[in-house]
Amino acid sequence: MGLDPGLRRLALGTLLAAYPGPVPPDWAVDLLAEGLAGHTLFGTNVHDPAQLAASTAALRAGRPDVLIAIDEEGGDVTRLAHATGSPYPGNAALGAIGDVALTRRVYQSIGAELAALGITVNLAPTVDVNTADDNPVIGTRSFGADPVRVAAHSAAAVTGLQAAGVAACAKHFPGHGATVTDSHHELPTVDAPLTLLRQRDLPPFAAVVAAGARAVMTAHIRVPALTGSDPATFSRAVLVDLLRAEYGFTGVVITDALEMKGAAVAAGGVGPAAVRALAAGADLLCIGAKVDAELVELVAAEIVDALSDGRLATARVEEAAGRTAELAAWTRAAIGSTTTDDTDLGYAAARRAVRVDGVLTGLDQPLVVHLHTESTIAEGRVPWGLGPHLDGVQELRVIATEADPSSLRGLAGDRPIVLVGRHLHRLPGGPELINGLAAQHAVTVVEMGWPAQWRPTGVRAFVTTYGASHANGRAAAEALGLTR
């Protein structure tokens, strides 16, 4: 027997799906007409601006108030510029600069670009306070380690995006910055008392709520003081008692992707995860990136079954779908904003973020050694480094654990070596390679990841960019005098 049409439509109104490829398949458009709230776009959906604008127009033909979301954080996480790297420097760089007005302008520029392409929800900014140097998934996506600074820049980012007519979604509540594992792969734990969370992790969320953020995204993290053994996505104490009752949030609670192991494994699958998230107070469920019509129908059926067997109250799902519809109405009304994007602003900002410890002299025709670093799932495979910006300078790409210092010194000869990497303090073989080279050669280091306290010994200069976007790479190459 098929699903009750009314309950199916109600369930679909709480789902944010996705589809493969640059052209929306028929099922992705048809489901919108049948009540699906919207789709999230990923790098595989983006080839060029004209194609993307055509895709969003096709989706809007299925449902005029469709929610079209994307993770466009600038910096290391970009979908629009996944083929080249973002023209914006990212949150860590903006936090290092410390100019709140600049942060607002950068996010308004990002929002203007999204609005022009027909995208209505940005799953940004990341407002986590990155207090763990070994955090594998936040890092340079954060405005910094100081809650006050992060709060100020988070509010500015939300204001900028929404001034361009794009709904902001601050993430990841109640704070992913103190974790040392990645919720894409497992369920991280933040074992801290509530008093510490209020001082360290929660101030940026209070700030974005006060700034009028239209949406907040949940974190698939366990916070025993709040959630017990469950992830925050399944915790009513987090989503209702804390976020809504205490902080006064009235917008849409969006889940992080339910296909992530931090949620799916804890619940026993994407369908059960959807039910648990709704019961806890979530409104819009991001299914994930690998989605097809069958998965959407499976999740919708699980929600309908839960309405029938008492796991979910009809009023709760109606509330969730209602909030999602209100967000869709806001985004539809905001379409056509007149602000314009300004990518030159991003390059200028990246230059302001560069920090140099030491002396940048004697770098004529160096050997640039690019140390390979694996990308996170959040980042995806996006080009980074100095390579695209070098003018007649030799670059060698190596894996730190496989590189031979004596061979590198021999290849460089009398030339200095510039070592470029990300998160060098925790890169396998990175510190050993750098220290070994610097003991016998003129070495300059460019850190394009999170700026930990670690510093190599004996290097001529240590350059920090606070990110690895295209703009960050250009700024570093200019500072080193290696561009045209």
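## Exercises: T227 and helix α12

At 9% relative accessibility, T227 counts as buried, where buried means under 20% relative accessible area with a 1.4 Å probe and protein chains only. The model is predicted, with local features needing pLDDT of at least 70 and side-chain atom pairs pLDDT 80 or more, while totals for chains, interfaces and linings use all residues. Residues are numbered from 1 along each chain, and side-chain values use heavy atoms, without hydrogens and water.

**Exercise 1.** Let's place T227: which helix holds T227, and what does its side chain reach?

*Solution.*
- Start with the helix: T227 belongs to α9, residues 224–227. Helices here are DSSP runs of H or I with at least four residues, and strands are E runs of at least two, numbered from the N terminus.
- Next, take the side chain: it reaches the backbone oxygen of D230 at 2.7 Å.
- Finally, list the neighbours: leaving out residues up to four places away in sequence, T227 touches R222, A232, S235 and V238. Contact means heavy atoms within 4.5 Å.

**Exercise 2.** Now turn to α12: how many of its residues are buried, and what do they pack against?

*Solution.*
- Count first: eight of the eleven residues in α12 (270–280) are buried, so the helix is mostly covered.
- Name some: among them are V270, A273, V275 and L278.
- Find the partners: the buried residues of α12 pack against α10 (236–246), α11 (261–267), β8 (285–286), α13 (293–309) and α14 (314–334).
- Check what comes after: G281 follows α12 and has a positive phi, near 125°.

Methods: Buried < 20%, exposed > 50% of the residue type's maximum accessible area, 1.4 Å probe, protein only. Polar contact = N/O pair within 3.5 Å; in protein donor to acceptor, adjacent residues only side chain to side chain.
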